[in-house]
Amino acid sequence: MNRPTARPAVRIAADSRPVLVFTVVLTVAVALASFALSFASLRDAALWGRVPESLAFLVPVVIDASVLVYGLVALVLRARGSSSVWAWTLMLGFTVVSIGANAAHAYDVGPELRTIVGVVLVALAPLSVLTSTHALASLVVAHTPAVDPVPVPVVEPVDAAVPAAIESAAPVGVNPAPAPDPVPVPAEPERSPVAAPAARRPRLGRVRPVTQDALDLPGLMVRADA
């Protein structure tokens, strides 16, 4: 009897598209809910800085929208490999101000602290314009690093002289050693021409006088008086 094979359990991949979409939707929902809750507190706190009631709704837009802008700028800069410290710093700063203003409104602080909170909220408006403009310029304007020109090597003519060759071969920053004096080669003494030896005459045997006995050959009689 065949046993049924065990099937692998179906799991959801953490980096799948459905998980990513669901996370983005939840993040947007949390951001909208937080903005709605913070909007009423920051609008009332803006009145502490003598902001007209008709314009008080702009203060929470400046504060909370800046947090979102600098967070996105920091992510883009990090993806490009650029420094994003300043963007994270601004995001943290505006977040701290928003938290402080919401806490002061909920705690119902005294008039002195209300004035300080209202002044801070109003003063952050021009600062937000400056920093957001800088962030926009960092994203829109392309950053092209300066390229140093490649130096073209200059070929110098090589001198045939020995001192120039030694000087060109010496390392940079080191004085070349002076060329050694040429060693004098002793001149060979002149040889006197040697006279060719005279031709020697061959030596002949000693001439002996011819006697009568030498002339007396057999069958030949030579007379001395002939």
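**Exercise 1. Count the aromatic pairs and classify each one.**

Step 1. Apply the rule: rings of Phe, Tyr and Trp (its six-membered ring) pair if their centres lie within 6.5 Å; planes under 30 degrees apart are stacked, over 60 edge-to-face, and the rest tilted. The count comes to two aromatic pairs.

Step 2. Take phenylalanine 35 and phenylalanine 39. Their ring centres are 5.9 Å apart and their planes stand at 50°, so this pair is tilted.

Step 3. Place these two rings. Both sit in helix α1, four residues apart, which is about one helical turn. Helices here are DSSP runs (H or I, at least four residues), numbered from the N terminus.

Step 4. Check exposure. Buried means under 20% relative accessible area, exposed over 50%, and partly exposed in between (1.4 Å probe, protein chains only). Phenylalanine 35 is partly exposed at 30%. Phenylalanine 39 is partly exposed at 22%.

Step 5. Turn to tyrosine 70 and phenylalanine 94. This aromatic pair is tilted too, with 5.6 Å between centres and 40° between planes. Tyrosine 70 belongs to α2 and phenylalanine 94 to α3, so the pair ties together parts 24 residues apart in sequence. Tyrosine 70 is buried at 0%. Phenylalanine 94 is buried at 3%.

A note on the source: this is a predicted model, where local features need pLDDT of at least 70, side-chain atom pairs count only at pLDDT 80 or more, and totals for chains, interfaces and linings use all residues. Residues are numbered from 1 along each chain as its sequence is written, and side-chain values use heavy atoms, with hydrogens and water left out.

**Exercise 2. Describe the largest nonpolar core.**

Step 1. Define the set: buried Ala, Val, Leu, Ile, Met, Phe, Trp, Tyr and Cys residues joined through side-chain atoms within 4.5 Å.

Step 2. Find the hubs. The largest core has 22 residues, and Ile63, Phe94, Val117 and Leu121 touch the most other members.

Step 3. Assign the helices. At least two core residues come from each of α1 (17-46), α2 (58-80), α3 (85-107) and α4 (111-140). The top contributor is α2, with seven residues.

Step 4. Inspect one hub. Contact means heavy atoms within 4.5 Å. Beyond its neighbours within four places in sequence, valine 117 contacts Ala45, Trp48, Ala101 and Ala104.

**Exercise 3. Find the salt bridges.**

Step 1. Use the cut-off: a side-chain nitrogen of Lys or Arg within 4 Å of a carboxyl oxygen of Asp or Glu. The structure holds two.

Step 2. Aspartate 44 bridges to arginine 43, with the closest N and O atoms 3.9 Å apart. Aspartate 44 is partly exposed at 26%. Arginine 43 is partly exposed at 34%.

Step 3. Arginine 114 bridges to aspartate 108, with the closest N and O atoms 2.1 Å apart. Arginine 114 is partly exposed at 28%.

**Exercise 4. Examine helix α4 and its packing.**

Step 1. Test the length. The expected span is 1.5 Å times one less than the number of residues. For the 30 residues of α4 that gives 44 Å, and the end C-alpha atoms are 44 Å apart, which agrees.

Step 2. Look for a bend, the angle between axes fitted to the seven residues ending at a residue and the seven starting there. A kink of about 30° lies at alanine 125, shortly before proline 126.

Step 3. List the buried residues of α4: Val117, Gly118, Leu121, Leu124, Ser128, Thr131 and Ala135. They pack against α1, α2 and α3.

Step 4. Follow serine 128, buried at 7%. Leaving out residues up to four places away in sequence, serine 128 touches Val62, Ser66, Tyr70 and Phe94. Serine 128 and valine 62 are 66 residues apart in sequence, yet 7.1 Å apart C-alpha to C-alpha.
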